[in-house]
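Please read the following explanation alongside the sequence and the model, moving from one helix to its partner, then to the chain as a whole, and finally to a single strand residue.

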Amino acid sequence: MFLLSFRDRDPMAAKISAMGWRVSSARRREGLENRFLSSNALIAVVDLREAVADGLQAIATIAALGDSHGIAILAFGDQVSDADIAAQCYEAGATHFLDLSYPQADVRQAINFAYRYVENFRGGSKATQDLNQLLSQVDQQWSFSKTRFSDNWVSDQLRDNMSEVNFDLYPITGIYRHLSEPERARVRGALGRIRTGLSQAAVAHMMNGDKIIHHLHDSGDFLHGRLEHVARGGKTHDWTDRDLLSGLRNGSAARSWIGAHLANDKMVGLTIIGLRNFGTINAAYGRAIGDEVMRRIGQRLIAETISQSPDEYLVARMDGQNFVVANLLSEPAEDIASRYAQSTEQLLIRNFSAIEIEGRKIGLVARAGVAVGTDSADETLLIRRANLALAEALSSDAQPIKISDSSEHNMLLEQQLESDLAHALERDEITIALQPQIKVDGGQLVGAEALARWNHPRLGFLGAATLFAVAERAGLMKLLSAHIHREALAIAAKWPDSLSFLRLSVNITAGDLADSNFAVDMMQIIARSTFPAERTTLEITESELIGNLSSAAKRLAMLREQGLQIAIDDFGTGYSSLSYLKNLPLDYLKIDSGLTGDISGSTKDQVVVKSIISLAKSLDLSVIAEGVETQAQLETLAEQGCEYYQGYLRSGPISPDEFELFALRSN
């Protein structure tokens, strides 16, 4: 609560504090905007007695700040002296009025009515209680016993924000020792007021260049202190557009903040932070603990940034487990992104370290994507750049922070491609190319891998990497994957009887396997195509992380029972090759082209490939090598026992018609 009382500040603050409210108090109207916003108060009490004109102006000032903030303004007046004072207060912006001259005036109930008003505005008592609890937890506070010298306490937030004070050595006088002599005199005066009978007092002083209002409260056995940082420049944190779980600003507020500053030609540094292991935390400890992790991170970030001007610094919870830190940057330099990334690394260390909940220490694995907007005109593009950088950081074991290297032009192109892709599926722009698969011993054609291409009307043919990346961002992966499977199987079903010995390999994604209906849907597609299931191979891209291996294994086993065969594509380049071999029902391993590229000359590559082939044979699996371009590579693969290959040595990906001619000639 915020209290402005021109004549009776300390006694009134003590009275309200005794009711259990955390009170920030002032006795002058100067700097009122800063004081009120710094208090993070949900209720403002303005005592107009003997200062009607100043009080009405103060109400108008606070009301202007709180038009959309859901705050209550309770005016204390004396209608005996001015019969119209209540009407004037309401006109100025007050939401509640109490006539203290009335014998039955009840300050406690008047405050409760004001608080109920706040609850109704903010979505109920639970949401408002959570917000109050959050504000209390991030306070910088201390307390000590007046009878037992060793019985004292200093909050972690206060220790962190005043690291220059040795609270262990001077738990009671640590802050006092860092004050100037005039400031010490003011502190002694405030303590003197408490000794004469007041339970509440406040004193202003400087600390680390910031103006502090130090609130003192005597509860009888203990003396308590709470530090309030007064905002600079008339602006500070408000509590609109908040994420109720963490207490941080939400994604909508973050986008508005970034967009407004970019529109004013400001340079914005943007960091999006994600927890790589949040899914594991939820699975291992339960949703309640996962929510508590989000809440604790929010508290840490609020405590760290509470004294920052919100006009220059923003912390928000964007969505899910992602947090946003944005601030205005000055003095552009070539390496500004690198310097900004260094400050981000320190932010991760301070706020995303292990959290102890209910006696369990929970480690956090945080990654960050960084983007600097020097000439961005659209917050969506800047956020997208940071999100893409975060995605790269999340997929990396060695690089916790990734600086975006995507240009705004590329972002605009990607946005256009996402829009185009939905129509591409309707207009049959997604085509299938087939790459022959050859037997190493003898050179016979044994099958083909179906590869997707996008025949874009303006940009020409776009490869599978671009196509799938765009589909992933556009949320069209499931539709695209099913479309490719239907098209590829329909093409293979038209092969003449003379090619009935050929197999068709189609690629499936980790997202496909995560779908509980995938096995049934896949068999329906195969049945409708009339291509035999026993001649179909499903290739799983091993560089994609399969979330639930047990469920994936069951779905693949169902498909194998129907005659399909299963291969791991790009083997040796992904996350968990050995666990895939252990848990998934497999028939083939495909050696990635990156390993076969230098096999004819590199001893190390030869050893790796030979090890993969030996491992496959010991597990009774066949091996296909990708990317074979030279006769020397093929000979080395033959020596090491590889059974099949594909690559430009025989043919790159070709159209279905060209493949049919190729196959007939080969046959």
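**A helix, its partner and the chain around them**

Helix α16 has 17 residues, which at 1.5 Å a residue should span 24 Å, and because its end C-alpha atoms are 24 Å apart, the expected and the modelled spans agree. The coordinates behind this comparison belong to a predicted model, and the values that follow should be read in that light.

Along α16, the buried residues are Met-477, Leu-480, Ser-481, His-483, Ile-484, His-485, Ala-488, Leu-489, Ile-491 and Ala-492. Some of these buried positions, namely Met-477, Leu-480 and Ile-484, also take part in a contact with helix α15, where they meet Leu-467, Phe-468, Ala-471 and Glu-472. Sorted by character, the residues of this contact between α15 and α16 comprise six nonpolar and one charged, with no polar residue.

How are the two helices arranged? Two packed helices are described by the angle between their axes and by the distance between those axes. Here α15, which covers residues 464-474, packs against α16, which covers residues 477-493, at an angle of about 140°, and their axes lie 8 Å apart. The arrangement of α15 relative to α16 therefore counts as oblique, since the class of roughly antiparallel is kept for angles over 145 degrees.

Stepping back to the whole chain, one finds 24 helices and 26 strands, and of its 667 residues, 51% count as buried. Among contacts between residues at least 6 apart in sequence, 64% join residues that are at least 24 apart.

The cysteines can be taken next. The structure holds zero disulfides. Cys-89 counts as buried because its relative accessibility is 0%, and Cys-642, at 6% relative accessibility, therefore counts as buried as well, the cut-off for a buried residue being under 20%.

The last stop is Ser-24, which is placed in strand β2, a strand that covers residues 24-26. Is Ser-24 buried or exposed? With a relative accessibility of 1%, Ser-24 counts as buried. Leaving aside residues up to four places away in sequence, Ser-24 touches Met-1, Phe-2 and Leu-3, and also Ser-39, His-215, Arg-226 and Glu-228. A further spatial relation links Ser-24 to Ala-41, for the two are 17 residues apart in sequence, while their C-alpha atoms are 8.1 Å apart in space.

Terms used: Residues numbered from 1 in each chain as written. Predicted model: local features only at pLDDT ≥ 70, side-chain atom pairs only at ≥ 80, totals over all residues. Heavy atoms only, no water. Axes fitted to C-alpha atoms, helices over the stretch in contact; angles between N-to-C directions. Helix = DSSP H or I, 4+ residues; strand = E, 2+ residues; numbered from the N terminus. Parallel < 35°, antiparallel > 145°, perpendicular 65-115°, else oblique. Contact = heavy atoms within 4.5 Å. Nonpolar A, V, L, I, M, F, W, Y, C, P; charged D, E, K, R; others polar. Disulfide = S-S within 2.5 Å. Buried < 20%, exposed > 50% of the residue type's maximum accessible area, 1.4 Å probe, protein only. Expected span 1.5 Å × (residues − 1).
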